[in-house]
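Here is a short briefing on one chain and its ligand. Start with the residues around the ligand, then move out to the cores and the overall layout.

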Amino acid sequence: MDISKLSTRYQVVKAEKEDAEMIYQLCHGNPLYYQYCPPMTTVEDILDDLDACPPNVSKDNKYYIMFKEGQQLVAVMDLILGYPRKEIAFIGFFMMNADMQKQGIGSFIVDECCQYLGQLSYKYVRLAWIKDNPQSEHFWIKNHFVVMKQTTGLTVQEKLMLAQRATGKENVMEFIELAGSRYSCRKFTDQKVSKEEIDLILRAGQLAPTAVNFQPQKIYVISKDEDLARLQNCKTNCFSEQLAMLICYNKDVCWKRSYDGKSSGDIDAAIVTTHMMLQAKNLGIGSTWVMNFMPEMIREEFNLPEEIVPVALLVMGYPAEDGVPSPRHASRKPLEETVEYL
Ligand SMILES: Cc1cc2nc3c(=O)[nH]c(=O)nc-3n(C[C@H](O)[C@H](O)[C@H](O)COP(=O)(O)O)c2cc1C
């Protein structure tokens with residue numbers, strides 16, 4: 001990587017040991033960060049960070065860099081290329097000079113870095129911030145990073161929000177393209193869906209709106225071969241799926257309309273399912289929404305409690321060669337038939 005290309009406005013240089021004091025001064029100007037991620041850093045910590053690398057990552061992929069304007073230090077960034085996967089660049093640390101904040105400079109730097117990393121064929125930039133740090137959260141969300149996962153742990157440093165952003169527009173599927181390319185896939189290869197992909201699909205479901213935000217959904221992930229085999233007893237068609245999610249709602253939790261008692265359960269579960277189905281597609285994973293299952297058999301087979309109502313079964317996997325759209329996929333009623341302007 002030619003680090004000078006990370007910014008058109010600032011000089012970008014690799015931080016050396018003699019820069020540690022200057023970096024320390026910049027960090028010291030941002031006490032809020034260390035309030036959420038204690039303790040306050042020291043020059044020794046910074047010297048260690050200059051070389052620190054995640055396990056199994058070559059030092060050649062590590063760039064602890066400074067953005068400078070003349071003698072002034074504008075920002076520092078710890079960037080790891082190809083981590084945790086080869087198409088991802090990871091920002092381990094990014095901090096702005098406190099005197100230069102709130103002028104859009106941080107966003108400008110991040111935008112340019114993402115652009116250049118995209119040119120180098122990194123598809124995503126990933127990072128994490130400490131949960132509840134409002135400054136970090138606002139900054140990264142404003143800069144189009146989407147939270148993929150929250151980690152939990154005992155220490156503050158383990159409570160992380162893991163987020164990523166696509167580097168180039170070409171990596172972001174237009175929504176209409178995503179919606180149009182999804183189809184009910186009814187034949188899958190034997191490739192398993194990874195834990196990371198499952199987490200992302202679940203996260204998309206978690207982001208779904210629900211009535212009064214009661215979030216009555218309950219999702220059962222069926223991924224073990226023996227459980228997938230048991231599932232086949234509860235439905236008529238088998239699509240050789242490698243993963244299934246049973247989306248249910250808890251009838252004691254969902255919202256009920258006071259006028260007529262109508263429950264939001266089915267609707268909430270359907271929106272959750274739709275989010276997950278589209279996220280799966282965005283990962284290249286095929287799915288079919290299956291309603292034709294025997295709810296009482298599923299209840300018995302998987303020991304569902306009485307208050308849980310199964311709504312949808314999302315069967316998933318990587319599309320097989322012949323896992324192509326059915327003729328029904330291309331058939332949509334004209335809008336004039338389904339839409340009326342009043
Ligand atoms: C609520 C609902 C229930 C469905 N149930 C089944 C099902 O039990 N079995 C099945 O093969 N497909 C099922 N489907 C898939 C539809 O048949 C399919 O979405 C529709 O024919 C349009 O095709 P496409 O998804 O390929 O665009 C269901 C879809 C929805 C939304």
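In this predicted model, the ligand is surrounded by Tyr183, Ser184 and Asn237. The run Thr288, Trp289, Val290, Met291 and Asn292 also surrounds the ligand. Pro325, Ser326, Arg328 and His329 complete the list.

**Ligand shell**
- By class, six residues of the shell are polar and five are nonpolar.
- One residue of the shell is charged.

**Domains**
- The chain splits into domain 1, residues 3-171, and domain 2, residues 177-317.
- Their C-alpha centres are 36 Å apart.

**Nonpolar cores**
- The largest nonpolar core holds 40 residues.
- Within this core, Ala75, Val125 and Leu127 touch the most other members.
- At least two core residues come from each of the helices α1 (20-28) and α4 (105-119).
- The strands β2 (62-69), β3 (72-81), β4 (88-96), β5 (124-130) and β7 (160-166) also supply at least two each.
- β3 gives the largest share, seven residues.
- Leaving aside residues up to four places away in sequence, Ala75 touches Phe67, Phe94, Met95, Met96, Asn97, Gly106 and Ile109.
- Another core, of 30 residues, lies apart from the largest one. Phe188, Leu246, Ile298 and Met316 are among its members.

**Whole chain**
- The chain has 11 helices and 11 strands.
- Its C-alpha atoms fill a box of roughly 70 × 55 × 45 Å along the principal axes.
- Of the 342 residues, 28% are buried.
- Among contacts between residues at least 6 apart in sequence, 70% join residues at least 24 apart.

Methods:
Residues numbered from 1 in each chain as written. Predicted model: local features only at pLDDT ≥ 70, side-chain atom pairs only at ≥ 80, totals over all residues. Near = placed C-beta within 6 Å. Nonpolar A, V, L, I, M, F, W, Y, C, P; charged D, E, K, R; others polar. Domains from an automatic or database assignment. Core = buried A, V, L, I, M, F, W, Y, C linked by C-beta atoms within 7 Å. Buried ≥ 20, exposed ≤ 12 C-beta atoms within 10 Å, placed from the backbone. Helix = DSSP H or I, 4+ residues; strand = E, 2+ residues; numbered from the N terminus. Contact = placed C-beta atoms within 7 Å.
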